[in-house]
Amino acid sequence: MSALRCCAFALLLALPTSFLSAAEPIVPTKTISLIGDGDLKTHFYSWLTDGGHEDPRHVFTMGKDGILHISGDGFGGLITHKEYADYYLVLEYRWGTETLLSRKDRARDSGVLLHCQGPDGGFGGTPEKPGPWMTSLECQIIEGGVGDILVLAGKDADGNLMKAEATCTIVRDRDGEAVWSPKGTPTFFEKGRINWYGRDPDWKDVVDFRGKEDVESPGQEWTTVECFCKGDSLVYRVNGVVVNRADKVFPNHGKLLLQTEGAELFVRKMELRPLPKEIP
């Protein structure tokens, strides 16, 4: 081995393991069905605030019918093993009837965290007591608020604040809350929520809440949520209606986290597809 090759090899060995194992995010070239083979471990691992990576209460189970059942008995989620970028996410879900824990009498709540970075539990907790989420951009799924954008800036393993941000064109409702509008003013967010365009200003955190303009399917009917993630832009569509969008988002790639947040949920489709030629 030449002296030059020996030097290069020595430098390679000296690199941190995390650097050596880091992989580029996957950009789908064909449909990736995250629950299609019936084995959750193929694409996911679980995270719960009271159990870490263990799921002794079977919060997440696959039925023989190929439908994922999330009991809601805990806070956390299913997290993909791999990171993804530039994808078209299609999720079909319906609510169950159960609400539990601190959200027993609250609006049914879940969501998909996009572009997750940092440690599991890095958002909503402390290094000593990790939280349920990760640094990410959320597509909110909650009665009355399906399609809200949440900017979740968590902390790294050393407790340092991580960056998450988005720019949205917004107006302010009567309570001063940010509401997406294509005719609004571009506004920079480092945290917080951007309501979907039709969120009821009289929204209440109560079971079975339904707003006057909600496009989510009522009751226990199936709803389709689509997320178009192209570069540093996001577009959310619910039952075929564009409800929210953002630009200049960071992070712009990462894992996905499907939440459990005290409400029973069924998911019959969760797919990552190549982006269409035209984004809505």
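**Exercise 1.** Which strand gives the most to the lining of the largest pocket?

*Solution.* The structure above is a predicted model, and the pocket to look for in it has a volume of about 270 Å³. As a starting step, find the lining residues, which include Phe44, Tyr45 and Ser46 as well as His53, Asp55 and Leu78. The next step is to compare the contributions of the elements, and here strand β2, residues 44–48, gives the most, with three residues. To finish, sort the lining by residue class, which yields five nonpolar, three polar and four charged residues.

**Exercise 2.** Describe the open sheet to which β2 belongs, and find its edge strands.

*Solution.* Reading across the sheet, one meets seven strands in the order β2-β5-β17-β7-β8-β9-β13, and their pairing is antiparallel. The edge strands are β2 and β13 (192–194), each of which pairs on one side only. From one strand to the next, the twist averages 25°. For a detailed view, take strand β7 (residues 109–117) and strand β17 (residues 255–261), which are joined in the antiparallel sense over three bridges; Val112, for instance, has Leu258 in β17 as its bridge partner.

**Exercise 3.** Decide whether Gln140 is buried or exposed, and list its contacts.

*Solution.* Begin by locating Gln140, which is found in strand β8, residues 135–142. Its relative accessible area is 8%, and because buried means under 20%, Gln140 counts as buried. Leaving aside neighbours within four places in sequence, Gln140 is in contact with Asp109, Ser110 and Gly111, and also with Gly145, Val146, Gly147, Asp148 and Leu150.

Key. Residues are numbered from 1 along each chain as its sequence is written. This is a predicted model: local features need pLDDT of at least 70, side-chain atom pairs count only at pLDDT 80 or more; totals for chains, interfaces and linings use all residues. Side-chain values use heavy atoms; hydrogens and water are left out. On a 1 Å grid over the protein atoms alone, a cavity is a set of points where a 1.4 Å probe fits but cannot get out, and a pocket is an open set with protein on both sides within 12 Å along at least five of seven lines; lining residues have an atom within 4 Å of a point. Grid points are joined across faces, edges and corners, and a volume is the space filled by probe spheres set on the points. Helices (H or I, at least four residues) and strands (E, at least two) are DSSP runs, numbered from the N terminus. Ala, Val, Leu, Ile, Met, Phe, Trp, Tyr, Cys and Pro count as nonpolar, Asp, Glu, Lys and Arg as charged, and the others, Gly among them, as polar. Two strands pair if DSSP finds at least two bridges between them. Axes are lines fitted to C-alpha atoms, for helices over the stretch in contact, and angles run from 0 to 180 degrees between N-to-C directions. Buried means under 20% relative accessible area, exposed over 50%, partly exposed in between (1.4 Å probe, protein chains only). Contact means heavy atoms within 4.5 Å.
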